[in-house]
Structures are given as C-alpha cells and as structure tokens.
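Welcome! Here is a short guided visit for anyone meeting this structure for the first time. Please take a moment with the sequence and the 3D view before reading on.

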Amino acid sequence: MRLYIKDEYKKFVNLLDFSRGKYSTGQVFEDFLYMSAIALKNSCDFDKNEEDWYFSIIKKYEKNELEVFPKLLAELVLIIVKNDKFTDVLGEIYQAINLNSKGSGQFFTPNHLAEAMAKMIIDKPSNTDGVITVNDPACGSGVLLLNAANSFKDENIDYSKKLLVYGQDIDIRCFCMTYIQLSLAGIPGIVVLGNSLLNEKRKIYYTPQYVKNCLEKNNKKNKAS
Ligand SMILES: C[S@@+](CC[C@H](N)C(=O)[O-])C[C@H]1O[C@@H](n2cnc3c(N)ncnc32)[C@H](O)[C@@H]1O
C-alpha cells in the first residue's frame with residue numbers, strides 16, 4: 001500500500017517504477033540511495049572500498065537500466081531547487097512508498113514540526129560569532145538538520161560557513177538519505193553509520209561542503225605559516 005504522494009514527487013516515484021516489476025520500487029529506491037551517496041562522497045573524499053560497493057550494486061542492472069539512476073538524481077535536484085527552503089524530500093518519499101513499514105518502525109518528524117523545533121533551538125543565528133554545531137544522533141533522513149540550515153537561510157546567514165551538522169543513524173538507508181540531502185543542500189556535515197548508543201562508527205562520510213571548508217582552512221594556514 002502506498003501513502004499519498006505529493007504531485008511534485010510523482011515523476012520521481014514513476015521513475016522508481018521504471019522496470020514494471022522486474023525490480024521492486026523499494027529496491028530501486030535503496031540502490032539509488034547507495035549509489036548517489038557513494039558518488040557524492042567519492043567526488044570529494046575518494047575511498048576504493050566505497051567504489052567497490054558501488055560496482056557491486058550496479059552489477060544487477062542491465063546497461064540500459066542504469067540510465068534511470070542519473071535521471072532520479074537530476075529529478076531530486078530539480079525538486080530541491082524549486083523549493084525556497086530545504087524540505088525532507090527523500091524522507092517523505094521513503095515513507096510514501098512504505099519502506100519504513102518493514103518492521104523498522106521509522107517515522108520521521110514532519111517538515112513543519114522540524115522547522116518549528118529548529119527555530120526553537122537556533123533562535124537567532126545572527127547573534128553568534130562562531131560556528132553553530134547541531135547534532136542529531138538518530139537523524140533518520142536528516143529533516144532536523146536540514147531545518148537547522150533553514151533557520152540560517154531565514155536570517156540570510158551563510159550556513160555553508162556558519163553551521164556544522166553531525167548526523168548519525170543505525171540504518172544505512174537513513175545514513176544515505178541524510179548524506180545525500182545535506183550534500184545537495186551545500187551544508188557542511190559529518191554523517192555516521194552506526195549505533196549511537198555504542199559510539200559505533202561503521203562508515204563516516206563528510207559532505208562536499210565540509211571537505212571544501214577544511215581545504216580552505218588548510219590553505220589559509222599554509223599561507224600564513
Ligand atoms: C523516529 S526516527 C527520527 C528521525 C529524525 N531524528 C527525525 O526527527 O525525523 C528515529 C531514528 O533513529 C534511528 N535509530 C534508532 N536507534 C538508533 C541508535 N541506537 N543509533 C542510531 N540511530 C538509531 C532509526 O533508524 C530512525 O531513523
């Protein structure tokens with residue numbers, strides 16, 4: 001059973017159904033998450049193990065079937081750029097296609113509530129000189145972290161320099177959703193796969209904006225010395 005799918009997500013969901021049953025919608029969505037997260041991560045912080053994982057995923061698709069994945073990523077980017085504010089697109093689709101029903105018990109905070117919570121936590125980013133860090137140790141698809149950036153946007157403050165987010169989740173699909181959405185939003189962040197209660201870190205991905213900020217900092221240091 002599918003929940004209500006917003007009109008703006010229909011093209012994306014139709015693409016997920018491209019194989020007419022050869023692969024399930026959920027399988028295509030999961031593979032899209034893994035492949036996109038790895039591609040974004042390896043574009044700025046290459047890891048051969050992650051590349052091997054990528055190749056193990058694409059193996060099950062025919063060459064012409066693989067065309068759907070860049071189309072999905074392009075469609076996701078289009079949905080994001082059409083919105084003034086960051087919204088939890090992947091989390092909403094994940095719940096709409098019922099991937100959260102397989103006994104995982106995952107329900108994410110609705111966007112408007114996450115926005116209100118972020119506003120309560122980060123009242124006036126303009127009042128802070130340094131970098132504000134936000135941690136969600138059970139981040140789901142990253143809705144609270146995306147809305148932290150919205151609080152900066154509302155005050156016209158450059159979240160790409162003034163915000164640092166940390167997200168962790170035990171579920172690899174959530175880990176990937178958070179990483180993809182933070183990366184496409186240009187938010188500096190560290191995303192970890194693992195059990196927060198055990199301080200477990202199975203994977204650590206840095207967003208492209210985080211890597212860029214680190215490189216700029218190092219360059220400045222080198223010039224000064
Ligand atoms: C109710 S969802 C909330 C997600 C997000 N914070 C939000 O507001 O939408 C809880 C999330 O916690 C994750 N989770 C549960 N136990 C965890 C643990 N021990 N370590 C890390 N993540 C965990 C689940 O996979 C799920 O994505």
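The sections below go through a ligand site, some helices and a few individual residues.

## Before we start

Please keep in mind that this is a predicted model. Residue numbers count from 1 along each chain as its sequence is written.

## Around the ligand

A good place to begin is the ligand, which is surrounded by 18 residues. The closest of them are F108, T109, A138, G140 and S196. By character, the shell around the ligand divides into 9 nonpolar, 6 polar and 3 charged residues.

If you would like to find elements that contribute to this shell, look at helix α7, residues 143-154, and strand β2, residues 163-169. Each of these two supplies at least two residues of the shell.

## A pair of helices: α2 and α3

Next, turn to helix α2 (residues 25-44) and helix α3 (residues 48-58), whose axes come within 10 Å of each other. How do the two run relative to one another? Their axes cross at roughly 150 degrees, and angles over 145 count as roughly antiparallel, so α2 and α3 are roughly antiparallel to each other. The crossing of α2 past α3 is left-handed.

The contact is made from the α2 side by D31, Y34, M35, I38, K41 and N42. From the α3 side come E50, E51, W53, Y54, I57 and I58. Together, the residues of this contact of α2 with α3 divide into 7 nonpolar, 1 polar and 4 charged. When you look along these names, a general point may help: an α-helix has 3.6 residues a turn, so residues three or four places apart point the same way.

## A covered helix: α5

Helix α5, residues 89-96, is mostly covered, with 6 of its 8 residues buried. Which ones are the buried residues of α5? They are V89, L90, G91, E92, I93 and Y94. What covers them includes α1 (10-16), α4 (68-82), α7 and α9 (172-185).

After α5 comes N98, which has a positive phi near 70 degrees.

## Two more positive phi angles

Most residues other than glycine have a negative phi. Against that background, R20 is worth a look: this residue is not a glycine, yet its phi is positive, at about 50 degrees. R20 sits in the loop between α1 and α2. Is R20 buried or exposed? R20 counts as exposed because it has 6 C-beta neighbours inside 10 Å.

N156, also a residue other than glycine, has a positive phi near 55 degrees. You will find N156 in the loop between α7 and α8, the latter spanning residues 159-162. With 8 other C-beta atoms within 10 Å, N156 is exposed.

## Two residues to look up: F18 and P208

F18 is found in the loop between α1 and α2. Having 15 C-beta neighbours inside 10 Å, F18 counts as partly exposed. Along the chain, F18 and V68 are 50 residues apart, while their C-alpha atoms are separated by 7.6 Å.

Finally, P208 lies in helix α10, which covers residues 208-224. P208 has 19 C-beta neighbours inside 10 Å and therefore counts as partly exposed. Which residues does P208 contact, leaving aside its neighbours within four places in sequence? These contacts are L40, S43, C44 and S183. As for D171, this residue is 37 residues from P208 in sequence and 22 Å from it in space, C-alpha to C-alpha.

Conventions
Predicted model: local features only at pLDDT ≥ 70, side-chain atom pairs only at ≥ 80, totals over all residues. Near = placed C-beta within 6 Å. Helix = DSSP H or I, 4+ residues; strand = E, 2+ residues; numbered from the N terminus. Nonpolar A, V, L, I, M, F, W, Y, C, P; charged D, E, K, R; others polar. Axes fitted to C-alpha atoms, helices over the stretch in contact; angles between N-to-C directions. Parallel < 35°, antiparallel > 145°, perpendicular 65-115°, else oblique. Left-handed = near helix turned anticlockwise from the far one by under 90°. Contact = placed C-beta atoms within 7 Å. Buried ≥ 20, exposed ≤ 12 C-beta atoms within 10 Å, placed from the backbone.
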